[in-house]
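Grab the model and work through these exercises at your own pace. Each one sets a task and then walks through a solution.

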Amino acid sequence: MTSPIPETSRPRATNTSPPLDTDTAAKKLRTASLWEALPALAYGGDYNPEQWPVEVRLEDIELMRQAGVNALSVGIFSWAWLEPAEGQYDFAWLDDVMDNLAAAGIKVALATATAAPPAWLVHKHPEILPVAADGTVLGPGSRRHYSPSSAIFRRYAATMTRVLAERYKDHPALVLWHVDNELGCHVGEFHGPEDTAAFRAWLERRYGSIAALNEAWGTAFWSQRYGNFAEIRTPGPAPTTLNPTQQLDFARFNSWALIDFYDMLVEVIREVTPEIPATTNFMVSSATKSLDYFDWARHVDVVANDHYLVASDTERHIELAFSADLTRGVAGGKPWMLMEHSTSAVNWQPRNMTKAPGEMQRNSLAHVARGADAIMFFQWRQSKAGSEKFHSAMVPHGGTNTRIWNEVVDLGAALGALSPVQGSRVESRTAIVFDYEAWWASELDSHPSTDVKYLELLRAFHRALFLRGITADFVHPSANLDGYDLVLVCTLYCVNDDAAANIAAAATCGATVLISYFSGIVDENDAVRLGGYPGAFRELLGISTEEFHPLPEHETVELDNGSTGRIWSEHVHLAGAEAVASFTGYPLTGVPAITRHATGKGSAWYLATFPDPAGLEGLLDSLLAESAVAAPVQADSGVELTRRQGADGASYLFAINHADSEANVQAKGHELISGKAFEGTIPAGSVAVIAEG
């Protein structure tokens with residue numbers, strides 16, 4: 001045990017961390033140093049040596065060599081081992097682990113160990129525990145049992161982070177700081193006294209005055225006017241629906257509160273190791289809604305993500321592509337890290353199905369195909385005890401005489417062969433606009449139809465593009481849209497003036513832009529844009545809608561092109577646009593359902609319903625023909641296609657055969673995994689990565 005750290009050297013806890021460098025030369029240098037320290041695609045996973053005796057840890061090193069592991073996340077849930085009593089530290093075991101990994105040439109993302117407060121801390125300070133909306137205190141015995149706004153917890157977390165940084169700042173294995181873990185997982189809203197105070201302070205900074213807040217929140221309705229910020233509470237149980245702008249701002253606050261906690265820990269890290277990059281593992285997927293990852297991305301040196309399949313989803317490989325594309329979008333197109341996924345079954349779904357032979361490699365290389373330069377798992381060795389003991393790992397309970405282990409070794413060899421791909425960028429001419437704030441706002445209560453879900457139409461278009469072999473970039477509404485020939489804007493209910501103008505400019509400059517129903521309806525304060533829907537895009541689209549006609553559950557509306565629509569319809573008037581298809585049923589007979597408006601060098605299309613599969617396919621065919629967007633090569637059905645381009649002009653075509661039969665791909669070049677010339681076919685369930693040219 002080492003001696004306790006003096007109280008005077010403990011970091012000062014604050015609730016407003018100073019802004020960090022979010023896009024500076026220093027940040028770029030830190031990120032470059034990470035990829036330089038990993039000479040090939042990174043491969044490994046979470047390593048939890050504290051769960052195992054020394055002899056197993058030594059065996060691990062040899063097995064890691066066999067598998068080709070070159071990177072690990074270490075110490076994520078080790079606080080109780082590193083500091084078994086307040087101020088008393090035991091680093092002997094971690095010193096040995098770090099030294100052994102360094103000797104084996106394995107690089108480490110060292111965790112701050114703050115994701116699960118130890119029992120002694122909760123016992124001494126139960127006030128750090130998170131509080132739910134109904135006042136329930138969420139206790140220990142699990143993980144993530146703290147509030148990010150707790151001043152006491154922030155002090156202890158900063159101390160642990162500083163002690164780790166000081167001890168390992170010069171260690172040769174250290175290449176990255178893994179800050180906390182899956183921030184926002186399990187608990188995404190915080191309602192305790194310190195959270196309420198932090199929410200009020202955040203609102204005061206956002207609005208400047210209570211009068212401005214009253215205006216933004218529309219508190220003239222239902223006598224909700226506030227006289228000062230101290231009167232405001234976090235949204236909780238109430239007789240009926242809550243103020244929607246208050247709910248939207250609370251979602252923004254919770255994402256910010258976790259960013260602020262992250263920034264506070266990174267501030268400590270920067271003081272000790274200014275040259276070492278830092279990140280935390282996001283949970284970007286079609287299921288994670290609580291954090292604005294576009295905002296988060298500005299605060300990390302490299303985007304890292306955890307992704308897990310839903311075994312019951314028969315098209316889970318398409319959801320994987322969606323999540324990987326969204327992660328790349330959050331990363332601004334830059335290489336990113338897959339920090340966690342599974343070798344086979346997880347433990348937390350109702351029925352935890354195993355992956356089929358070869359599925360792990362397809363999953364892993366699909367992430368590489370879509371921009372990941374690191375492939376890592378939870379976890380290295382499958383736990384023998386605890387909540388996740390039945391979660392698969394690189395070394396399963398059965399040891400090395402197993403299919404999973406053999407596939408782990410094969411994947412390591414494949415990733416080694418793909419080292420030329422490192423640093424290249426994914427090619428795409430199609431953008432799908434994505435905004436977490438629009439997701440939050442569009443699914444608040446008291447809207448025209450509970451059937452309108454932010455992701456549904458967006459995912460339908462992404463799926464249709466995937467099946468055509470076309471890769472899409474997800475972009476924030478404010479992102480630079482230059483270079484995109486097709487831009488899809490689905491259910492962008494909430495949008496500010498600058499973002500709306502940015503989207504309009506894309507069409508003016510030559511892009512084909514499609515905007516769907518329930519887009520541009522309100523501003524950033526959830527206030528309706530008056531004068532006819534969709535207020536933010538009326539002029540661009542050359543239309544005006546006077547009234548929504550949401551459809552009853554399970555009912556459809558017919559269009560004169562032979563397709564049907566569901567969920568939504570509306571009374572659209574042409575104001576410069578032309579009708580491409582119209583509704584045929586009462587009361588909207590003859591009313592435009594799909595419109596096109598020429599604008600500048602491009603065009604703006606409007607979709608006023610959720611089309612059936614044939615209707616969506618036909619619409620997408622028209623959009624692709626107009627924008628001249630196509631797959632990189634021709635291939636048989638069932639083959640996933642993406643292309644990565646290197647700065648040196650090198651081109652790498654990824655072709656993943658998800659079918660149960662051999663598939664043809666019209667490509668030529670050197671296949672990197674086999675090391676042979678590509679002969680135009682891919683066996684069932686296999687992957688080819690072709691260096692073209």
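**Exercise 1. Count the enclosed cavities and describe the lining of the largest one.**

Start with the count: there are four cavities of 30 Å³ or more. A cavity here is a set of points, on a 1 Å grid over the protein atoms alone, where a 1.4 Å probe fits but cannot get out, and lining residues have an atom within 4 Å of a point. Before going on, keep in mind that this is a predicted model, where local features need pLDDT of at least 70, side-chain atom pairs count only at pLDDT 80 or more, and totals for chains, interfaces and linings use all residues. Residues are numbered from 1 along each chain as its sequence is written, and side-chain values use heavy atoms, with hydrogens and water left out.

Next, the volume: the largest cavity holds about 50 Å³ of space, a volume being the space filled by probe spheres set on grid points that are joined across faces, edges and corners.

Now the walls. Leu34, Leu38, Ala71, Lys107, Val108, Ala109, Val175, Leu176, Met337 and Met376 line the largest cavity. Strand S3 (107-111) and S4 are the elements that give two or more residues to this lining, and S3 has the largest share, with three residues. Strands (E, at least two residues) and helices (H or I, at least four) are DSSP runs, numbered from the N terminus.

Last step, sort by class: nine of the lining residues are nonpolar, none polar and one charged. Ala, Val, Leu, Ile, Met, Phe, Trp, Tyr, Cys and Pro count as nonpolar, Asp, Glu, Lys and Arg as charged, and the others, Gly among them, as polar.

**Exercise 2. Find the neighbours of S3 and decide how enclosed this strand is.**

Go to one partner: S3 pairs with strand S2 (residues 71-74) in the parallel sense over four bridges, where two strands pair if DSSP finds at least two bridges between them. Valine 74 sits opposite leucine 110 in S3.

Then look at S4, which runs parallel to S3 and is joined to it by four bridges. Here alanine 111 has histidine 178 in S4 as its bridge partner.

To finish, check burial. Four of the five residues of S3 are buried, so the strand is largely enclosed by the rest of the structure. Buried means under 20% relative accessible area, exposed over 50%, and partly exposed in between (1.4 Å probe, protein chains only).

**Exercise 3. Work out the surroundings of asparagine 181 and tyrosine 308, and find a residue they both touch.**

Take asparagine 181 to begin with. You'll find asparagine 181 in the loop between strand S4 (174-178) and helix H7 (193-207), and asparagine 181 is buried, at a relative accessible area of 2%. Leaving out residues up to four places away in sequence, asparagine 181 touches Ile76, Phe77, Ala115, Arg143, Arg144, Thr280, Asn281 and Glu340; contact means heavy atoms within 4.5 Å. With asparagine 281 there is also a side-chain to side-chain polar contact (2.9 Å). A polar contact is a pair of N or O atoms within 3.5 Å; within protein, one must be able to donate a hydrogen and the other to accept it, and residues adjacent in sequence count only if both atoms are side-chain atoms.

Now do tyrosine 308, in the loop between strand S7 (304-306) and H11. Tyrosine 308 is buried too, at a relative accessible area of 16%. With residues up to four places away in sequence set aside, tyrosine 308 touches Glu340, His341, Ser342, Val346, Trp348, Phe378 and His391. The side chain of tyrosine 308 makes a polar contact with that of glutamate 340 (2.6 Å).

Put the lists together and Glu340 turns up in both.

**Exercise 4. Describe the two largest pockets.**

A pocket is an open set of grid points with protein on both sides within 12 Å along at least five of seven lines. The largest pocket holds about 1,400 Å³ of space. Of its 46 lining residues, Phe77, Arg143, Glu182, His186 and Glu388 are the closest to its centre. By class, the lining has 15 nonpolar, 19 polar and twelve charged residues.

The second largest pocket holds about 950 Å³. Its lining has 35 residues, with Val330, Ala331, Gly332, Gly333 and Lys334 nearest its centre. The largest share, five residues, comes from H1.
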